[in-house]
Amino acid sequence: MAEAHQAVAFQFTITPEGIDLQLSHEALKQVYLSGFRSWKKRVTRLKNSVITGVYPASPSSWLFVVIAILATMYTRSDPSMGLIAKIQEHLPVSDSLSIQCRTVVSAVLFSTLLWFSLIFTMRLCLKQLLSYHGWMFEQHGKVSNTTKIWAAMVRIFSGRQPLLYSYQGSLPNLPVPAVKDTVDRYLESARPLMSDSEYERITTLAKEFESSLGNRLQWYLKLKAMWASNYVSDWWEEYIYLRGRSPIMVNSNYYGMDFLYVTPTPIQAARAGNTLHACLLYRRKLNREEIKPSRVPGLNIPLCAAQCERIFNTTRIPGEETDCLTHWQDSEYVAVFHRGRFFRLWLYHAGRMLSPREIEHQVQRILDDPSPPAPGEAKLAALTAGDRIPWAQARKEFFSSGVNKRSLDCIEKAAFFVALDDDEQGMMGDDPAGNLDRYAKSLLHGKCYDRWFDKSFTVVVYKNGKNGLNAEHSWADAPIMAHVWEYVMTTDCFQLGYNEEGHCKGDIASSLPQPTRLTWDIPVQCQERVEQSLTVAQALADDIDFHVFPIQEFGKGAIKKCKISPDAFIQIALQLAYYRNRGTFSLTYEASMTRLFREGRTETVRSCTSESCAFVRALEGGESKEVCRRLFRTASEKHQHLYRMAMTGGGIDRHLFCLYIVSKYLGEESPFLKEVLSETWRLSTSQTPLQQVELFDFVNHPDYTTCGGGFGPVADDGYGVSYIIIGENMINFHISSKHSCPQTDSHKFGAYIKKALVDLLELLSPEKPDLSKAEQNHSKSPQSKKDL
C-alpha cells in the first residue's frame with residue numbers, strides 16, 4: 001500500500017475543526033516533473049512541425065528574405081513591382097503607425113508571401129523530380145546524362161539536414177496504371193501457370209472486363225487518387241488486415257530474431273534492461289525526428305516515413321466487423337508479462353528516462369515476485385491469439401468497465417509489450433539446428449498466451465538472455481520494425497554494453513517505485529472464452545512447421561561476381577527448389593515496397609515468370625550449360641524489370657485489388673476480378689533488408705550478425721519464405737509450412753533451396769561453395785560457445 005499512498009498528491013479530511021489538508025511533496029514533485037517532460041515534448045513537436053512545414057527551406061531563410069527585400073527598398077528600388085504599396089493601402093489606418101512603419105509592415109508581409117511562394121515552388125519542383133524513375137531502369141554502371149542532371153537537381157532542391165518527416169510533403173502520389181496495362185501484365189504473369197484452355201478462358205474474361213466494367217471502376221479510382229494521398233494504402237490496411245476475422249497470430253504477425261551466434265549476457269534482467277532502454281532511445285529520436293530519412297541505397301532518393309508514426313504507443317482494438325488501430329501520443333511505461341502475471345513497469349522517474357541498470361533492477365523485481373496469477377489471468381492473452389469476433393465480444397462484455405477495463409487500458413496504452421519467458425532459446429546445445437527452429441516458433445506464437453498479439457510489437461526476453469520480437473502487421477510493414485530492431489541490437493551491444501558480471505552499467509536510484517501488478521476480476525464465463533480462444537490458437541500453432549538455417553561463405557559477394565542481382569538469383573533458386581519439391585510451378589508472391597510514393601506500403605512481384613520456368617525446365621531437362629546460362633540471365637533481367645515496375649507504381653495486384661473494392665462499393669460483379677483475387681499464393685516470399693549497414697561491423701565482429709525474421713505460411717498447402725542477406729558471405733532463410741498438408745515439409749524444402757543455390761552458383765561460376773564446411777565452421781566458432 002505504500003506505493004499507492006505515494007501516488008496521491010494530496011489528501012483531505014473533514015473534521016469538526018474544519019478541513020485538514022495534507023500535501024505529499026514527493027508526489028507533487030513527480031507530477032511537476034512528468035508535466036514538464038510532457039510540455040518539453042510538445043514544444044519539440046511544435047518546433048519540428050514548423051521545420052518540416054517549411055522544408056526544403058529553413059525558418060531562418062524567412063529572415064533572409066525579409067532583410068533582402070528591406071535592403072532593396074532602402075536603395076529606392078521596388079522588388080515587388082507595386083505590390084508592397086497595394087498591401088500598404090489595405091492596412092488599417094492607425095495613428096500609432098507612421099508611414100515608414102506601415103511601409104516596413106507591408107514589406108514584411110510581402111516578404112512572407114514571397115517566402116511561402118518560394119517554398120511551394122521548391123516543393124513542387126522536388127515532387128516533380130522525385131516522380132522521375134528512369135534511373136531505376138538504366139543498366140547497372142551506366143548512367144545517362146539525363147539521370148546525372150536529374151540527380152544534381154534533386155540534391156539542389158532537397159535542402160540540408162532533413163528531419164525524419166521533412167520529405168513527406170514532396171513525395172509524389174502513387175500513380176494509377178491504365179487498366180489495359182495492368183490486364184496485359186496479369187495475363188503475362190498467368191501464362192506459365194495455366195493450360196492453353198485455362199489461359200484462353202481467363203483472357204476472354206480479362207478482355208471483357210477491360211472493355212466494359214474496368215473503365216467505369218477506373219474512373220472512380222482516379223477520382224480517389226486525386227483526392228487521397230495514396231489510393232491503395234487505406235483500403236489495404238482495412239480490408240487485408242483489419243477486417244480479417246481469423247487469428248492474427250501466425251496468419252498476420254511476424255517475428256524478428258536476436259544475434260545468431262552471440263548472446264551478450266546470460267542474465268535475463270540485464271538483457272531486458274539494455275533492450276528496453278535502447279527502445280526508449282529510438283523512440284526519443286523518433287519523437288524528435290532525429291532519425292535520418294530512409295533513402296534508396298546509394299542514392300539521395302527519400303522513402304516515405306509515414307509508417308514510423310505508429311511504432312510505439314499503438315494497439316489493435318478488436319471489433320466484431322472490423323478492428324481499428326489506436327495510437328496515443330505518449331506512454332511512460334511498458335506492460336510486462338511473467339509467469340501468468342501482468343505488470344506495469346514505469347520507464348521514467350522524476351522526469352527522466354530510467355538507466356539500463358535501473359530497468360534491470362525493476363525487471364529483476366518482477367522476476368523475483370512470488371505472487372501467483374489471479375484466477376483467469378495466466379492465459380488471458382490467448383484472447384488476442386484466437387479468432388477476432390470472440391475476442392471483440394469478450395472485450396465488450398467483460399472488459400468495458402471496472403478493474404478489468406483499467407488493467408486492459410494499461411496494456412493497450414503501454415509503449416509496447418514485454419514478455420519475460422522462463423524458457424531458454426537460441427542456436428545452442430547438442431541440437432543447434434533444431435533449437436533454432438524452436439526459437440523461431442517461440443517468437444512467432446510462443447505458448448499462445450504469453451504474447452499480447454494486438455500490441456504494435458512485443459519484446460521477448462528469454463531466461464538465458466536471448467531476445468526477439470513479435471510484431472503486429474497492420475500498422476506497418478516489416479522493414480519499419482527491422483529498422484528499429486537493428487538499432488536496438490547494435491545499441492545494446494556496442495553502445496550500452498555490460499560490466500564484467502554481465503549486468504547493465506550505471507547506478508540505481510533509491511526512490512524507484514515497485515512495478516505494479518495489474519489486477520483482474522475474470523468471471524468463469526470469461527475464462528471459458530479464454531480457453532476456447534486458446535484451443536483455436538494452440539491448434540494453429542501446433543500445425544506450424546518451421547525451419548531456419550544460415551548459409552555462410554555463400555552470399556552476395558559470390559553472386560555479384562556472376563554479375564547477377566542477389567535477389568533475382570535467390571528468387572530463381574526458389575523457383576527451382578519448388579519445382580524439384582512439387583514437380584510443378586506455383587503462383588509466387590514477393591513483397592516489394594512502394595515507399596518512393598507518399599504513404600506507400602507494398603506491391604507484389606509475381607516471381608514465377610515464363611522466363612524463369614523456361615530456365616528451370618532447361619536445367620532439369622539436361623540442356624547445355626551455355627543454353628541454361630543464357631536462359632538464366634533472361635529470367636534474371638525479367639525479374640529485375642518486374643521488381644522495378646512494382647516499386648515505381650506499375651505493379652499488378654494492388655491496382656486489381658482496388659478495382660475489386662470499387663466494384664463491391666458499386667454492387668457490381670466481375671468474374672475476372674473475383675477469380676484473380678481468389679488465386680492462392682502457395683509460395684509467399686519476402687526479403688528482409690539490412691538497412692543500417694553502418695551500425696554493423698562484419699569485419700571486426702563477424703559473429704554479431706542478425707538472423708532476420710520470418711512469418712507463417714499464407715496458404716494451407718504452401719510455404720512462407722523469408723530471407724536476409726548479411727554482408728558478403730551469408731544468407732539466412734526462414735521457412736514455414738503446415739504439418740497438416742502432406743505435400744509440404746519445411747526441412748525438405750530447405751534442403752532443396754540449399755541444393756538449388758549451389759547448383760545455380762556452380763552453373764554461373766566455376767567455384768562451388770561448400771555448405772557443409774560452412775556449417776561446421778559455425779558450430780566450432782568460439783563466439784558461439786556463449787550460447788552453449
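Leaving aside its neighbours within four places in sequence, which residues is Glu237 in contact with? Keep in mind as you look that this is a predicted model. To find Glu237, go to helix α10, which covers residues 233-242. Setting those sequence neighbours aside, Glu237 touches Leu242, Arg310, Leu325, Ser474 and Arg601. Is Glu237 buried or exposed? Its relative accessibility is 17%, so Glu237 counts as buried.

Now let's move along to helix α19, made of residues 566-582. We'll look at how α19 packs against two other helices, starting with α21, which spans residues 625-647. The axes of α19 and α21 come within 9 Å and cross at roughly 115 degrees. The two helices are therefore roughly perpendicular to each other. If you like handedness, α19 passes α21 in a right-handed crossing. So who meets whom here? On the α19 side you'll find Asp567, Ala568, Phe569, Gln571 and Ile572, and they meet Phe632, Ala635, Ser636, His639, Gln640 and Tyr643 in α21. Sorted by class, this contact has 6 nonpolar, 4 polar and 1 charged residues.

Next up is helix α20, residues 610-620, which also packs with α19. Here the angle is about 55 degrees, and the axes are 10 Å apart. That angle makes α19 oblique to α20. Once again the crossing is a right-handed one, with α19 passing α20. On the α19 side, the residues are Ile572, Gln575, Leu576, Tyr579 and Arg580. Their partners in α20 are Ser612, Phe615, Val616, Leu619 and Glu620. Split by class, the contact of α19 with α20 has 6 nonpolar, 2 polar and 2 charged residues. Did you spot Ile572 in both lists? Ile572 meets residues in α21, and Ile572 is also part of the contact with α20.

Finally, let's go hunting for cysteines. How many disulfides does the structure hold? The count is 0. Take Cys279, which is in no disulfide: the nearest cysteine sulfur belongs to Cys504, and that sulfur is 13 Å away. Cys279 is also buried, with a relative accessible area of 1%. What about Cys613, and why is there no bond to Cys608? The sulfur of Cys613 is 3.6 Å from the one in Cys608, its closest cysteine sulfur. A disulfide needs the two sulfur atoms within 2.5 Å, so this pair is too far apart for a bond. Cys613 counts as buried, too, because its relative accessibility is 1%.

Note on methods:
Residues are numbered from 1 along each chain as its sequence is written. This is a predicted model: local features need pLDDT of at least 70, side-chain atom pairs count only at pLDDT 80 or more; totals for chains, interfaces and linings use all residues. Side-chain values use heavy atoms; hydrogens and water are left out. Axes are lines fitted to C-alpha atoms, for helices over the stretch in contact, and angles run from 0 to 180 degrees between N-to-C directions. Helices (H or I, at least four residues) and strands (E, at least two) are DSSP runs, numbered from the N terminus. Angles under 35 degrees count as roughly parallel, over 145 as roughly antiparallel, 65 to 115 as roughly perpendicular and the rest as oblique. A crossing is left-handed if the near helix is turned anticlockwise from the far one by less than a right angle, and right-handed if clockwise. Contact means heavy atoms within 4.5 Å. Ala, Val, Leu, Ile, Met, Phe, Trp, Tyr, Cys and Pro count as nonpolar, Asp, Glu, Lys and Arg as charged, and the others, Gly among them, as polar. Buried means under 20% relative accessible area, exposed over 50%, partly exposed in between (1.4 Å probe, protein chains only).
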